[in-house]
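These are my notebook entries on a single protein structure. I record below what I looked up, entry by entry.

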Amino acid sequence: MTIERDQEFLVQPVDASWLQCNIECQEACPVGTNCRGYLNLAAEGRFEEGYILSRDPNPVAAMCAYVCSAPCERACRRGDIDRPLAIRAMKRFLVEWHEMSGIPDVLPVIEPRAEKVAIVGAGPAGLAVARELAVKGYQVTVFDALPFAGGTMLIGVPAFRLPREAIEMDVRLIERLGVTFVYDTRIGVDVPFEDLLRDFDAIAITAGAMDAVALDIPGADLEGVQYGVDFMRKANLGEPLEVGDDVVVIGGGYTAMDCSRTSLRYGAENVTIAYRRTRSELVVDEEELGETEREGVRMEFLVSPIELIGEDGKLTGVRFIRNKLGEPDMSGRRSPVPIEGSEFVVPAQTVIPAVSQAADLSFLPVESSFEVARGRLKVDPATYATNAKGVFACGDFVTGPATLIEAAGHGKKCAYAIDRYLAGRSEVRIDANVRIVSSWRHDMPEMYDVIPRQHIPVLPLGDRMPSGDPVVNFTTPVELGYVAQQAVAESTRCLMCNFNIWFDPFRCTLCGACADVCPEGVIHMVDIDRLRTEGTLPEIEDAYGWERGAAMVLDEERCIRCALCVKRCPFDAITMERFELQEISSDGRLYKESYRDARLAGVPGAAGGAR
């Protein structure tokens with residue numbers, strides 16, 4: 001960090017909120033998974049404890065282990081140093097290690113309740129609602145039109161990315177909590193919605209958004225147009241699927257990537273993904289994009305389709321126009337603007353629009369007068385309640401297409417709201433149970449700062465499509481996952497962001513030795529008058545104007561927790577503060593949890609306890 005002559009520094013109070021926000025991976029996770037905690041456990045070889053910590057807050061942990069969009073990785077502070085931790089791949093290792101170990105999952109003690117809850121949809125949001133309510137003792141029944149649970153994960157994500165066994169792992173655990181699943185049942189057809197209103201105390205609608213949004217350009221009715229959600233549904237359910245030699249996929253999300261790679265497995269020779277924005281604005285992770293390109297998919301950026309071309313009713317190509325980026329739209333991204341005279345044609349016998357999806361509201365009874373806006377059911381954002389008494393909704397059905405982990409986070413919060421409704425609570429108080437331990441000795445693992453991100457093993461290109469049978473190719477896994485040695489090495493890279501440097505102002509003599517020894521140059525001594533506060537901080541305000549008044553400033557974003565400053569300080573004025581937080585609510589739920597080594601230490605075989 002370079003200090004400018006007139007630079008000012010914003011000072012904030014060091015409280016539980018600030019300390020927790022420093023653990024950016026956990027803060028970024030929609031279900032509050034303590035990623036750093038299970039990475040630290042894995043680094044010590046405590047794989048089962050790491051699995052438990054990764055599983056506890058996440059109702060769909062096994063599915064996330066394979067296809068989570070990993071917002072935790074984008075937030076990981078190690079990414080500011082070199083590359084972020086491979087947090088999703090580490091979860092996969094822990095899930096697979098647990099499954100191979102044969103160690104049974106320990107189920108919570110549940111006190112049964114009389115209230116019954118119906119859930120419409122067995123996708124990620126529905127599974128999250130079911131798990132959270134079942135743990136609280138409610139009688140939960142989940143209805144789904146598909147033959148198995150999983151929702152979008154089952155019919156929208158290809159088997160070569162998400163093994164069906166992972167879906168079964170999550171569903172099996174939820175079933176063991178007492179949840180009943182009713183498959184091949186369409187609400188509004190096989191079971192009237194009115195029956196749910198009559199027979200259940202509350203209803204959660206988590207039916208997803210699996211209806212394709214039609215492509216609104218000339219030629220959209222030509223033979224050869226297959227919408228992404230329908231295309232992936234057929235592939236996943238084993239229905240006949242035909243593609244031409246030349247395939248064009250329109251879109252830039254995960255569905256577009258999945259459709260393009262699936263097309264290759266079903267015999268396409270040339271596959272092109274056309275995206276109206278730039279590469280940097282794609283929402284998919286780098287592994288997914290990288291594997292898509294390595295398999296031979298061609299990317300066309302800054303293009304928009306303007307017409308589908310055909311002969312005798314059959315598709316022959318797509319006419320595109322090139323774009324340039326204009327002003328930012330409502331999402332903050334720069335809007336694509338067509339460039340006049342830049343049209344070109346890409347040959348295609350199959351076009352797969354994978355631009356957006358919508359919710360199917362047709363099963364909702366008209367007489368209930370649900371409030372709908374932009375094709376989505378409106379809910380109170382604080383309670384997830386619709387305007388119909390006892391009916392709640394969440395997930396893609398409310399938000400539109402989102403990610404697996406976002407849907408699960410939505411589902412957890414909706415379950416809490418239903419619990420409050422049925423228990424007659426209007427609000428919940430959350431208390432922070434904070435534990436801070438000071439240490440003058442803190443040793444990071446050996447070589448942690450120079451270990452590179454471990455490459456996630458994948459199947460060689462030549463082995464990914466080993467058969468003339470498209471179904472075999474479609475179900476051949478691409479990513480292989482870490483072995484134990486790689487998992488330990490990768491998790492060792494964690495910067496342990498629950499540790500923070502603390503300067504004792506009564507011991508510090510402002511000698512500057514800590515700044516001299518810091519390998520990252522993140523400690524600086526600055527004039528006290530260059531500090532500014534958002535609120536009232538007497539320690540700072542009383543010091544303004546002191547002659548030769550100075551303060552030590554630490555850039556937490558770049559600190560690698562090496563503790564050299566702690567060891568170098570001649571007056572023991574610097575300590576490493578280990579922060580742990582549990583947010584325990586008045587309804588008995590644990591809303592956040594930090595590294596639980598202190599709490600588990602007395603348990604035989606766990607967190608250092610005697611075996």
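**Entry 1: helix H3**

I take a residue as buried when its relative accessible area is under 20%. The model I examined is predicted, and I applied this cut-off first to helix H3, which spans residues 35–43. I found H3 mostly covered, with eight of its nine residues buried. I listed the buried residues of H3 as Cys 35, Arg 36, Gly 37, Tyr 38, Leu 39, Asn 40, Leu 41 and Ala 42.

I then asked which helices the buried residues of H3 pack against. I noted helix H2 (24–28), H4, helix H6 (71–75), H7 and helix H18 (484–492). After H3 I came to Gly 45, which has a positive phi, near 80°.

**Entry 2: helices H4 and H7**

Two of the partners of H3, namely H4 and H7, also pack against each other. I recorded an angle of about 115° between helix H4 (residues 47–55) and helix H7 (residues 87–101), and their axes lie 9 Å apart. The crossing of H4 past H7 is left-handed.

I looked up the residues at this contact. From H4 they are Phe 47, Glu 48, Gly 50, Tyr 51 and Ser 54. In H7 they meet Lys 91, Phe 93, Leu 94, Val 95, Trp 97, His 98 and Ser 101. I sorted the residues of the contact of H4 with H7 into six nonpolar, four polar and two charged.

**Entry 3: the five-stranded sheet**

I traced an open sheet of five strands in the order E4-E3-E2-E5-E18, and its pairing is parallel. Which strands stand at the edges? They are strand E4 (180–182) and strand E18 (391–393); each has a single partner strand, so one side of each lacks a neighbour in the sheet. From one strand to the next, the twist averages 20°.

I followed the edge strand E18 to its partner. Strand E5 (residues 202–205) runs parallel to E18, and three bridges join them. In this pair I found Ile 203 opposite Val 391 of E18. I also noted helix H16 (residues 404–423), which lies across strand E2 (116–120), E5 and E18 and runs at about 165° to E18.

**Entry 4: the four-stranded sheet**

I traced a further open sheet, of four strands, with the order E9-E8-E7-E14 and parallel pairing. Its edges are strand E9 (298–301) and strand E14 (350–353); because each has a single partner strand, one side of each is left without a neighbour in the sheet. I recorded an average twist of 20° between one strand and the next.

At the E9 edge, strand E8 (residues 270–275) pairs with E9 in the parallel sense over four bridges. I found Thr 272 opposite Arg 298 in E9.

**Entry 5: Glu 556**

I located Glu 556 in the loop between strand E23 (550–554) and helix H21 (564–568). Is Glu 556 buried or exposed? Its relative accessibility is 11%, so I entered Glu 556 as buried. Leaving aside neighbours within four places in sequence, I listed its contacts as Trp 18, Asn 22, Arg 77, Asn 500, Ile 501 and Arg 561.

**Entry 6: confidence**

I looked up the pLDDT last. The protein chain has a mean pLDDT of 89, and 93% of its residues reach 70 or more. I marked residues 595–611, over which pLDDT stays under 50. For residues 595–611 the model has 36 contacts beyond four places in sequence.

Technical notes:
Residues are numbered from 1 along each chain as its sequence is written. This is a predicted model: local features need pLDDT of at least 70, side-chain atom pairs count only at pLDDT 80 or more; totals for chains, interfaces and linings use all residues. Side-chain values use heavy atoms; hydrogens and water are left out. Two strands pair if DSSP finds at least two bridges between them. Axes are lines fitted to C-alpha atoms, for helices over the stretch in contact, and angles run from 0 to 180 degrees between N-to-C directions. Contact means heavy atoms within 4.5 Å. Buried means under 20% relative accessible area, exposed over 50%, partly exposed in between (1.4 Å probe, protein chains only). A crossing is left-handed if the near helix is turned anticlockwise from the far one by less than a right angle, and right-handed if clockwise. Ala, Val, Leu, Ile, Met, Phe, Trp, Tyr, Cys and Pro count as nonpolar, Asp, Glu, Lys and Arg as charged, and the others, Gly among them, as polar. pLDDT is the predictor's confidence in each residue, from 0 to 100.
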